[in-house]
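Biologist: I have a model open on my screen and would like to go through some of its details with you. Shall we take it one question at a time?

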Amino acid sequence: MKKILIINGPNLNLLGRREPDVYGNTSFEAYLDQIRADFPQYEITSYQSNIEGELINKIHEAGFSSDGIVLNAGAYTHTSIALHDAIRAVTTPVIEVHISNVYTREAFRHHSCIAAACRGVIAGFGLASYRLALEAFK
């Protein structure tokens, strides 16, 4: 069974309540139950932190033992060279995801500091962005 870790960054603990016009009305916990049921071939775990260093520590922890990491780094996507370096330092493939289409939003969201270190980027499909990333690990 493949082990996949989903890592969510800052403010994603507020999904379902935060800007529902952008992020929807479903909490990540409710969505996680759904995708676990839809992907029984994967052992899916998740982790969320609002703290950059904790995200880096989690990448280091899972980055040599997991079969894949799905990373929604939130706003750190656009600022964190440290996350980029952490992704490059591990052997587990990482897929960057975004719930919203970052290219239709503010200009500062159009650049990702982590994309070049990731296997691929999926953005703009709502919570289904996570599902698409899981499909990529088949």
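Biologist: Let's start with K138: is K138 buried or exposed?

Modeller: Happy to help, and please keep in mind that this is a predicted model. The relative accessible area of K138 is 60%. Since the cut-off for exposed is over 50%, K138 counts as exposed.

Biologist: Thanks! Which residue forms a salt bridge with K138?

Modeller: The closest N and O atoms of that pair are 3.2 Å apart. A salt bridge needs a nitrogen and a carboxyl oxygen within 4 Å, so the pair qualifies. The partner has a relative accessible area of 36% and is partly exposed. The residue that pairs with K138 is E135.

Biologist: How many salt bridges does the structure hold?

Modeller: One of them is the pair K138 and E135. K58 and E61 also meet through their side chains, at 3.1 Å from N to O. D38 and R131 form a salt bridge too, with N and O atoms 2.8 Å apart. For the structure, the count is three.

Biologist: How many residues apart are D38 and R131?

Modeller: D38 sits in helix α2, residues 28-38, while R131 belongs to helix α5, residues 128-136. Their salt bridge therefore links distant parts of the chain. D38 is partly exposed at 42% relative accessibility, and R131 is partly exposed at 22%. Along the chain, the two are separated by 93 residues.

Biologist: And K58: is K58 buried or exposed?

Modeller: K58 shares helix α3 (residues 52-62) with E61, three residues away, or about one turn of the helix. E61 has a relative accessible area of 56%, which makes E61 exposed. For K58 the value is 17%. Because buried means under 20%, K58 is buried.

Biologist: Let's turn to empty space. What is the volume of the largest cavity?

Modeller: Rolling a probe the size of a water molecule over the atoms shows where empty space is left. A search of the whole structure finds one cavity of 30 Å³ or more. The volume of the largest cavity is about 40 Å³.

Biologist: Which elements give two or more residues to its lining?

Modeller: The lining of the largest cavity includes E96, H98, V121 and A123. By class, that lining has four nonpolar, six polar and two charged residues. The elements you asked for are β4 (94-98) and β5 (120-123).

Note on methods
Residues numbered from 1 in each chain as written. Predicted model: local features only at pLDDT ≥ 70, side-chain atom pairs only at ≥ 80, totals over all residues. Heavy atoms only, no water. Helix = DSSP H or I, 4+ residues; strand = E, 2+ residues; numbered from the N terminus. Buried < 20%, exposed > 50% of the residue type's maximum accessible area, 1.4 Å probe, protein only. 1 Å grid on protein atoms, 1.4 Å probe; cavity = no way out; pocket = protein on both sides within 12 Å on 5 of 7 lines; lining within 4 Å. Points joined across faces, edges and corners; volume = space filled by probe spheres on them. Nonpolar A, V, L, I, M, F, W, Y, C, P; charged D, E, K, R; others polar.
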